[in-house]
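Please look over the sequence and the model shown here. The paragraphs that follow go through it step by step.

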Amino acid sequence: MLRKLRSDGKTYQEIADMYGVTKGAVYWQLRDAGLASTRPDHSKYLPWKVKTEHAHARPAMMLRLLSRREQGDKLPDVKTRMLDKWLGEVKAADVVVCYHRDMVPNPASPTTGGFYYSKRRAEDGEALVRDVSDDDTSSFPKIADPSGSR
């Protein structure tokens with residue numbers, strides 16, 4: 001049945017909604033049956049081993065959306081608008097996204113911490129992220145929210 005739904009073009013989320021389960025549950029069933037494609041690689045934008053509690057921070061979600069879009073996924077219109085708005089905010093604030101497992105809550109991740117924004121440096125070039133996971137936590141910058149709301 002799952003094979004038929006996928007071949008009919010149904011997304012994992014659509015199938016999940018039909019059965020009242022999570023998208024992940026659909027993926028795992030298809031994977032175990034040898035019918036799932038491999039998970040997308042988001043390491044270009046998420047080069048860190050992110051703690052579970054940080055995985056749903058806004059920067060993490062936006063970086064995964066950007067990765068999906070660059071890999072050819074068609075995003076729902078609402079997610080495209082959210083991503084484009086966030087990218088505009090980050091660009092206007094001239095910041096890059098950074099991550100450190102021990103970063104305290106801050107404007108980028110006000111509930112759980114982990115992700116934070118840092119002023120762009122010359123060595124960042126046009127990159128959207130800076131991998132500073134090995135940096136000492138005493139060097140954490142105090143950066144305003146790129147949306148200007150905080």
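In which strand does Cys98 lie? The model is a predicted one, and in it Cys98 belongs to strand E1. Cys98 is buried, because its relative accessible area is 0% and the cut-off for burial is under 20%. Setting aside residues up to four places away in sequence, Cys98 touches Trp48, Gly114, Phe115, Tyr116, Ser118, Arg130 and Val132. For one of these partners, Gly114, the separation is 16 residues in sequence and 8.4 Å in space, taken from C-alpha to C-alpha.

The overall layout can now be set around this strand. The protein contains five helices and two strands, and their order along the sequence is α-α-α-α-α-β-β. Of the 150 residues in the protein, 34% are buried. Among contacts between residues at least 6 apart in sequence, 54% join residues at least 24 apart.

Two pairs of helices are worth following in turn. Two packed helices are described by the angle between their axes and the distance between the axes. In the case of helix H2 (residues 12–19) and helix H3 (residues 23–32), the axes come within 8 Å and cross at roughly 105°. H2 is therefore roughly perpendicular to H3. On the H2 side the contact is made by Tyr12, Gln13, Ile15 and Ala16, and on the H3 side by Lys23, Val26, Tyr27 and Leu30. Sorted by class, these residues comprise six nonpolar, one polar and one charged.

Leu30 also leads on to the loop between H3 and H4, where Leu35 is found. Apart from neighbours within four places in sequence, Leu35 is in contact with Arg3 and Leu30. Leu35 is partly exposed, since its relative accessible area is 33%, and that class covers values between 20% and 50%. The C-alpha atom of Leu35 is separated by 8.8 Å from that of Leu2, and the two residues are 33 apart along the chain.

The other helix pair is H4 (residues 58–70) and H5. Their axes come within 10 Å and cross at roughly 115°. H4 is thus roughly perpendicular to H5, and the crossing of the two is left-handed. H4 contributes Arg58, Pro59, Met62, Leu63, Leu65, Leu66 and Arg69, which meet Lys79, Thr80, Met82, Leu83, Asp84, Trp86, Leu87 and Glu89 in H5. By class, this contact has nine nonpolar, one polar and five charged residues.

Which side chain makes a polar contact with the side chain of Arg58? The partner is the side chain of Glu89, at 3.3 Å. Glu89 is part of helix H5, which spans residues 77–93. Is Glu89 buried or exposed? Glu89 counts as buried, because its relative accessibility is 10% and the limit is 20%.

After H5 the chain passes through a loop to strand E1 (95–99), and Asp94 lies in that loop. Phi of Asp94 is near 55°, a positive value in a residue other than glycine. Asp94 counts as partly exposed because its relative accessibility is 39%. The strand that comes after this loop, E1, is the one that holds Cys98, the buried residue at which this account began.

Terms used. Residues are numbered from 1 along each chain as its sequence is written. This is a predicted model: local features need pLDDT of at least 70, side-chain atom pairs count only at pLDDT 80 or more; totals for chains, interfaces and linings use all residues. Side-chain values use heavy atoms; hydrogens and water are left out. Helices (H or I, at least four residues) and strands (E, at least two) are DSSP runs, numbered from the N terminus. Buried means under 20% relative accessible area, exposed over 50%, partly exposed in between (1.4 Å probe, protein chains only). A polar contact is a pair of N or O atoms within 3.5 Å; within protein, one must be able to donate a hydrogen and the other to accept it, and residues adjacent in sequence count only if both atoms are side-chain atoms. Axes are lines fitted to C-alpha atoms, for helices over the stretch in contact, and angles run from 0 to 180 degrees between N-to-C directions. Angles under 35 degrees count as roughly parallel, over 145 as roughly antiparallel, 65 to 115 as roughly perpendicular and the rest as oblique. Contact means heavy atoms within 4.5 Å. Ala, Val, Leu, Ile, Met, Phe, Trp, Tyr, Cys and Pro count as nonpolar, Asp, Glu, Lys and Arg as charged, and the others, Gly among them, as polar. A crossing is left-handed if the near helix is turned anticlockwise from the far one by less than a right angle, and right-handed if clockwise.
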